[in-house]
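Student: I should like to discuss the charged side chains of this model. Please show the sequence and structure.

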Amino acid sequence: MAFLIKSMIGNPLSGIGLGGGGDKEEESTPSDPAKAAGMTREEYEEYQKQLVEEKMERDADFLHKKAERATLRVCLRDKYRLPKSEQDENMIEMAGDDVDVPEELLKMVDEDATEEEGKDSLMGQIQNLQNMDMDQLKEKASATVTELKSKAEEKCSVM
């Protein structure tokens with residue numbers, strides 16, 4: 001009977017951690033991260049240096065891409081005469097002076113600009129008139145006039 005009472009009281013108290021139960025867990029995990037990774041100290045330090053260098057490269061590439069996008073936004077704002085953004089200008093300054101807009105994007109912007117210039121010019125307007133079908137224009141005009149006459153007759157009793 002005393003054995004049962006002692007086993008019931010003894011086991012719950014050993015789980016509290018008053019004794020030496022936690023020492024075994026600390027001994028099983030090494031305090032050195034190099035040993036935990038299965039490397040020597042020099043290999044582990046070299047590995048950490050490589051990780052830091054790769055992260056710096058990724059961050060620099062990301063910053064450069066963001067600056068390219070900001071440069072493109074600045075070009076588009078200039079083209080459409082929109083207000084400038086300080087955020088874009090700051091991004092370009094952070095990346096340095098070597099930021100260029102990618103060639104493909106510049107070609108797209110230039111093509112759009114030439115198309116718009118062609119449409120805005122007098123020659124562009126004349127070409128649009130030449131491309132229109134005169135018979136179709138005459139039909140639309142006569143249909144509009146007859147529609148206006150019928151509506152006017154409905155509303156006005158004099159006509």
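Student: Is Asp-59 buried, partly exposed or exposed?

Tutor: This is a predicted model, in which local features need pLDDT of at least 70, side-chain atom pairs count only at pLDDT 80 or more, and totals for chains, interfaces and linings use all residues. Residues are numbered from 1 along each chain as its sequence is written, and side-chain values use heavy atoms, with hydrogens and water left out. Buried means under 20% relative accessible area, exposed over 50%, and partly exposed in between (1.4 Å probe, protein chains only). Asp-59 has 42% relative accessibility, so this residue counts as partly exposed.

Student: Which residue meets Asp-59 in a salt bridge?

Tutor: A salt bridge requires a side-chain nitrogen of Lys or Arg within 4 Å of a carboxyl oxygen of Asp or Glu. The partner lies four residues from Asp-59 in helix H4, about one turn of the helix (helices are DSSP runs of H or I, at least four residues, numbered from the N terminus). At 3.2 Å, N to O, the partner is Lys-55.

Student: How far apart are the closest N and O atoms of Asp-88 and Arg-73?

Tutor: Asp-88 is buried, with a relative accessible area of 4%, whereas Arg-73 is partly exposed at 37%. The two residues form a salt bridge, with a closest N and O separation of 2.8 Å.

Student: Which residue joins Arg-73 and Asp-88 in a network of salt bridges?

Tutor: Asp-88 lies in helix H5, residues 86–95. The third member of the network linking Arg-73 and Asp-88 is Arg-77.

How values were computed: Helices (H or I, at least four residues) and strands (E, at least two) are DSSP runs, numbered from the N terminus.
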